Structures are given as C-alpha cells and as structure tokens.
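These notes are offered point by point, for reading alongside the sequence and the coordinates. They move from the sheet to the helices that cover it, and then to individual residues.

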Amino acid sequence: LRDPRLGHAPPFGVLVQDLAAYIEEWRARTPGPHILIDHSMGAHLMLRLLAERAPMVDGVVLLSPMLGLKTGVLPEALARLFARLAVAMGFGRRSVWKQENGGGHRQRNLTHSLERYEDENWWRESDPMLDIGPPTWNWMARAWSSIAKLKHRGVIEQIATPVLVLYAEKDRLVRASAIRNICGRLPNVRMVGNPDAAHELLREDDAVRTWAESETDAFLEALAG
C-alpha cells in the first residue's frame with residue numbers, strides 16, 4: 001500500500017492529459033480571454049501541454065517552473081541514475097528523504113515570509129489530505145523523464161502562446177539555469193528573475209510578491225493591447 005502522505009505521481013503524461021481536459025471544459029463554459037497561471041510542477045505540466053497539444057489559451061504565466069531539480073553536491077546525471085535504480089530495485093513507493101519535523105529548512109526553501117509559511121502549516125493541520133510529505137522515488141524518476149522531454153530541440157520552439165516566466169535566481173528547489181536554458185527557447189516569452197526570492201513567489205514577502213504581481217499585471221495589460 002502507498003503512504004498517502006508521500007508525494008506520489010502517475011507518469012506525467014497522465015497529468016498533462018488531465019490538465020488538457022480541464023482547460024477544454026473551462027474554455028467551453030467561460031468567455032475569454034483565457035489566461036493560465038501555473039507554479040513549479042504545475043508550470044512544468046503547462047509547458048508540456050503547450051508543446052504537445054497547443055491548447056487555445058491567450059497567455060500563460062509560469063512561476064518557478066520545475067525544469068531542473070536541485071541535487072546538492074550530487075551531479076544531476078548521477079541523481080537521475082539513482083532514481084532509476086531505486087525504482088528498478090522496488091523502492092519506487094518509498095520516500096526520497098525523511099519527513100522534516102522542524103520547519104526551518106523547508107521554510108527557507110519556499111519563502112522568506114514566516115507569516116505566509118505558517119498559513120500553509122495551518123492548512124496542513126486543518127486537512128490531513130493537504131499534508132503531503134517528501135516525494136517518492138517514482139515521482140523523482142518520472143519528473144526527470146518529463147523534464148528530458150522538454151529539453152529536446154524543436155519541442156517548445158513551436159509554442160506560439162505568449163508566455164511570462166518569473167523565477168527565483170537563487171531557488172533552492174529548481175535550477176534557475178535550467179529555467180533560462182529551456183524557456184529561453186520559447187519564441188514569444190518574457191523571462192524575469194528575482195535575486196531575492198525563494199521558490200514560492202506569490203507566498204513570498206511583500207516586496208517579492210509585489211514584484212511578481214506587477215510583472216504579471218504588465219504582461220496581461222500588454223496582451224489586452
């Protein structure tokens with residue numbers, strides 16, 4: 001049995017298919033313009049959807065898109081190999097690391113705002129279904145596999161949708177260099193990094209969040225013409 005508090009995921013293609021179905025239904029019941037704002041893993045899935053299915057949306061905002069994973073002192077190639085070996089050895093449903101009891105390290109990775117971080121803890125305590133812990137090796141292997149799809153030349157170069165990419169230059173969870181390398185190949189993109197932000201831009205302190213909101217507002221105003 002799977003531990004419900006771990007971060008499981010089916011093959012990411014299934015999630016892309018679910019996202020496509022949601023957008024199709026959303027467009028059918030709402031007037032345009034249709035703008036999507038996606039964060040981290042959601043931004044990754046949105047980029048795959050744009051590349052693979054070209055949904056009819058008017059613009060997309062990607063916040064800290066998960067296009068490369070931080071692996072600490074371990075080289076990325078070795079981290080990918082470890083994930084594949086762990087799955088092959090039957091450890092796919094086990095967590096990659098132990099659940100952290102204290103919040104300090106995790107909080108620093110996500111936001112400089114203690115108040116907004118504590119708000120997350122309140123939701124975790126209020127609803128156990130929201131208290132998701134570390135990812136499994138299955139998730140890790142599938143994340144690497146999905147990222148690899150976006151690295152292939154010609155995959156995202158065909159995306160015509162206007163895209164705004166905002167990211168933290170010193171992100172501790174996803175690699176800013178990977179975001180620049182992949183999203184820099186989009187034909188219609190504005191890409192802006194913030195030197196002071198952590199991963200969750202819209203749950204950051206007021207200065208960072210105001211920056212992200214201002215960039216988003218300017219992007220939407222430009223789309224409106």
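1. In this predicted model, L36 is placed opposite V60 of β2. The two strands concerned, β1 and β2, run parallel and are joined by five bridges. The side chains of β1 divide between a covered face, made up of L36 and D38, and an uncovered face with I35, I37 and H39. This division can be read against a general pattern: in a regular strand the side chains alternate between the two faces of the sheet.

2. The sheet as a whole is open and has four strands in the order β1-β2-β3-β4, with parallel pairing. Its edges are taken by β1 (35-39) and β4 (189-194), and because each of these has a single partner strand, one side of each is left without a neighbour in the sheet. From one strand to the next the twist averages 10°.

3. Towards the β4 edge, β3 and β4 run parallel and are joined by six bridges, and V163 is found opposite V189 of β4. As a general matter, strands of a sheet pair through backbone hydrogen bonds, either parallel or antiparallel.

4. Two helices should be considered together with the sheet. Helix α2 lies across β1, β2 (59-63) and β3, and runs at about 130° to β1. Helix α8 (residues 206-224) lies across β1, β2, β3 and β4, and its direction is at about 170° to that of β3.

5. Which residues does T216 touch, once those up to four places away in sequence are set aside? T216, which is placed in helix α8, touches I37, V61, L164 and L166. With a relative accessibility of 10%, T216 counts as buried, because the limit for that class is under 20%. By contrast with these contacts, E25 is 25 Å from T216 in space, C-alpha to C-alpha, and 191 residues from it in sequence.

6. The packing of helix α1 (residues 12-29) on helix α2 (residues 41-53) deserves its own point: the axes are 9 Å apart and the angle is about 75°, which makes α1 roughly perpendicular to α2. By class, the contact of α1 with α2 has ten nonpolar, three polar and three charged residues. On the α1 side the residues are F12, G13, L15, V16, Q17, L19, A20 and I23, and they meet M41, H44, L45, M46, R48, L49, E52 and R53 on the α2 side.

7. I159 lies in the loop between α6 (137-151) and β3 (163-168), and this loop residue is buried, with a relative accessible area of 2%. Leaving out residues up to four places away in sequence, I159 touches L47, L50, A51, L186 and P187. F91, on the other hand, is 68 residues from I159 in sequence and 37 Å from it in space, C-alpha to C-alpha.

8. Is E76, in helix α3 (residues 76-88), buried or exposed? E76 is buried, with a relative accessible area of 18%, a value that falls under the 20% limit. Apart from neighbours within four places in sequence, E76 is in contact with T71, W144, K151 and R175, so a reader checking the surroundings of this buried residue may wish to display these four residues with it.

9. Three aromatic pairs are counted in the model. One of them, formed by W122 and W123, is edge-to-face, with 4.9 Å from centre to centre and 90° between the planes. W123 counts as partly exposed, at 44% relative accessibility.

10. Some backbone details in the loops merit a careful look. The peptide bond from G32 to P33 is cis, with omega near 0°, and P33 is in the loop between α1 and β1. A54, in the loop between α2 and β2, has a positive phi of about 45° although it is not a glycine. S64, in the loop between β2 and α3, likewise is a residue other than glycine with a positive phi, near 45°, and S64 is buried, with a relative accessible area of 0%.

Terms used. Residues are numbered from 1 along each chain as its sequence is written. This is a predicted model: local features need pLDDT of at least 70, side-chain atom pairs count only at pLDDT 80 or more; totals for chains, interfaces and linings use all residues. Side-chain values use heavy atoms; hydrogens and water are left out. Buried means under 20% relative accessible area, exposed over 50%, partly exposed in between (1.4 Å probe, protein chains only). Contact means heavy atoms within 4.5 Å. Axes are lines fitted to C-alpha atoms, for helices over the stretch in contact, and angles run from 0 to 180 degrees between N-to-C directions. Angles under 35 degrees count as roughly parallel, over 145 as roughly antiparallel, 65 to 115 as roughly perpendicular and the rest as oblique. Ala, Val, Leu, Ile, Met, Phe, Trp, Tyr, Cys and Pro count as nonpolar, Asp, Glu, Lys and Arg as charged, and the others, Gly among them, as polar. Two strands pair if DSSP finds at least two bridges between them. Rings of Phe, Tyr and Trp (its six-membered ring) pair if their centres lie within 6.5 Å; planes under 30 degrees apart count as stacked, over 60 as edge-to-face and the rest as tilted.
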